Amino acid sequence: MQEIDFMRKTAIYRDDLFLEHEPGISHPESPDRLRVIYEQLDGGEIGSRFFFPEFTPASAADITRNHDRELYDRVLQTSGRSHDFLDADTQTSARSYDAAMLAAGAVIDGIRRLHAGEMDNGFCLVRPPGHHAEKDRSMGFCLFNNVAVGARWALANLGLKRIFIIDWDLHHGNGTQHSFYETDNVLYCSTHQFPYYPGTGTVMETGRGKGEGFTVNVPLSGGQGDMEYARIFNELIVPVGQQFEPELILVSCGFDIYNGDPLGAMEVTPAGFAYLTRVMVSLAEKICNGRLLITLEGGYNLRGMRDGALAVLEELCGEQLGVKPWLDSATAGNMSSSTVQLSALDQAMNVTRSYWKI
């Protein structure tokens, strides 16, 4: 794959309100996760390379396209309370509801601007994360499912028929999978550590009814790094995406597959994040006019958050952000031709061949 050598109009969605969601002292999903990235954008010339749109919160109607009204009302009840529990892992503070509504609104606005041609691609640097939130339950640090809410909005308001969601978070995106498990309008592909929280995402979970074949899971044992992930994307995710021909690509980006993350056992480096992004940028440019929106999910090593985000942003905008690129041509060439042994991918491909030509 060739190195990107031209500048794109890349949007970054950020707001200090996202720093006001406080799940509690020592909670791994802390404001510092975003703060270390925002500091990079505010220092030097990096921030000047990007477009920072103004955006508004999602509406209650936007949220309830994907979630039960009872769940929305329960999260609303936390507003103004210094501390509340939505489940054992998912805690809120006074402004968590506001942050969650704005996070979902960022994804909606990014999709709207992509569709209108106002930007080439974008990165929603938001929190709280979303991919674990079920129709009727907030869980796993997630209040509302930001990506699923955005996809629902696009299907309802833009007339889109095919949306591709790729989830490379360490944990399986159970909420996103279940949101679209019975539809052929959304193709959901997930790579994740298994067995691990939340316990879903086996290779045999492929969809139901009209949605059969439109869920693709690659459950991994742990210890996989850049070369393994490159092979998964090269041999499975890209070929399936090309056949699906989506009108929009959404990525749930978890930096908890970083090789120093305290909650996981993966070994992806910033170069690996750059490569995965490069593959997604290339796929989007070939099949959906570049319409690619990446949204932050997990990641709990602050260095991994910072470096991973910069690597992703460098590939999105197509311009070097530091002294040297996060992904050099030799490393990219090695990843593009990866043949590392990976039985989990072989199993996933055997299942997927029942539905797609790969």
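How many nonpolar, polar and charged residues does the lining of the second largest pocket have? In this predicted model, that lining divides into seven nonpolar, five polar and four charged residues. The second largest pocket holds about 160 Å³ of space. It is lined by 16 residues, and those nearest its centre are H132, G140, F141, H171 and Y197.

F141, one of the residues nearest the centre of this pocket, is placed in the loop between β4 and α5. Its phi is near 75 degrees, a positive value in a residue that is not glycine. F141 counts as buried because its relative accessibility is 15%, under the cut-off of 20%. The loop between β4 and α5 also contains P128. The peptide bond from R127 to P128 is cis, and its omega is near 5 degrees.

A second cis peptide bond is that between F194 and P195, for which omega is about 0 degrees. P195 belongs to the loop between β6 and β7. A positive phi is likewise found at S26, which is not a glycine and has a value of about 70 degrees. S26 is located in the loop between β1 and α1 (32-42). S26 counts as exposed because its relative accessible area is 72%, over the cut-off of 50%.

The strands considered next form an open sheet of seven, with parallel pairing and the order β1-β4-β9-β8-β5-β6-β7. β1 (10-13) and β7 are its edge strands, each of them pairing on one side only. On average, neighbouring strands of the sheet are turned by 10 degrees against each other, with direction ignored. At one edge, β1 pairs with β4 (residues 121-124) in the parallel sense over four bridges. Within this pairing, A11 has G122 of β4 as its bridge partner.

In the order of the sheet, β8 stands between β9 and β5. The pairing of β8 with β5 is parallel and extends over five bridges, with I163 opposite L248 in β8. The pairing of β8 with β9 is also parallel and has five bridges; here V251 has I294 of β9 as its bridge partner. Six of the six residues of β8 are buried. Burial applies to both faces of the strand: L248, L250 and S252 are buried on one side, and I249, V251 and C253 on the other.

Two helices were examined for their position against the sheet strands. Helix α5 (residues 146-157) lies across β5 (163-167), β6 (186-193), β8 (248-253) and β9 (292-296). The direction of α5 is at about 175 degrees to that of β5. Helix α8 (residues 270-287) lies across β5, β8 and β9, and runs at about 165 degrees to β8. The strands β5, β8 and β9 thus appear in the contacts of α5 and also in those of α8.

Empty space was then considered further. Rolling a probe the size of a water molecule over the atoms shows where empty space is left. The largest pocket has a volume of about 210 Å³. Its lining consists of 13 residues, with G322, V323, K324, P325 and W326 lying nearest the centre. The element that gives the most to this lining is helix α9 (residues 302-317), with four residues. By class, the lining of the largest pocket has six nonpolar, two polar and five charged residues.

In addition to the pockets, a search of the whole structure finds one cavity of 30 Å³ or more. The volume of the largest cavity is about 60 Å³. Its lining is made up of V203, E205, T206, G213, T215, V216, N217, A348, V351, T352 and Y355. Strand β7 (215-220) and helix α11 (343-352) each supply at least two of the lining residues. β7 is thus both an edge strand of the sheet and a contributor to the lining of the cavity. By class, five residues of the cavity lining are nonpolar, five are polar and one is charged.

Notes: Residues are numbered from 1 along each chain as its sequence is written. This is a predicted model: local features need pLDDT of at least 70, side-chain atom pairs count only at pLDDT 80 or more; totals for chains, interfaces and linings use all residues. Side-chain values use heavy atoms; hydrogens and water are left out. On a 1 Å grid over the protein atoms alone, a cavity is a set of points where a 1.4 Å probe fits but cannot get out, and a pocket is an open set with protein on both sides within 12 Å along at least five of seven lines; lining residues have an atom within 4 Å of a point. Grid points are joined across faces, edges and corners, and a volume is the space filled by probe spheres set on the points. Ala, Val, Leu, Ile, Met, Phe, Trp, Tyr, Cys and Pro count as nonpolar, Asp, Glu, Lys and Arg as charged, and the others, Gly among them, as polar. Two strands pair if DSSP finds at least two bridges between them. Axes are lines fitted to C-alpha atoms, for helices over the stretch in contact, and angles run from 0 to 180 degrees between N-to-C directions. Contact means heavy atoms within 4.5 Å. Buried means under 20% relative accessible area, exposed over 50%, partly exposed in between (1.4 Å probe, protein chains only).
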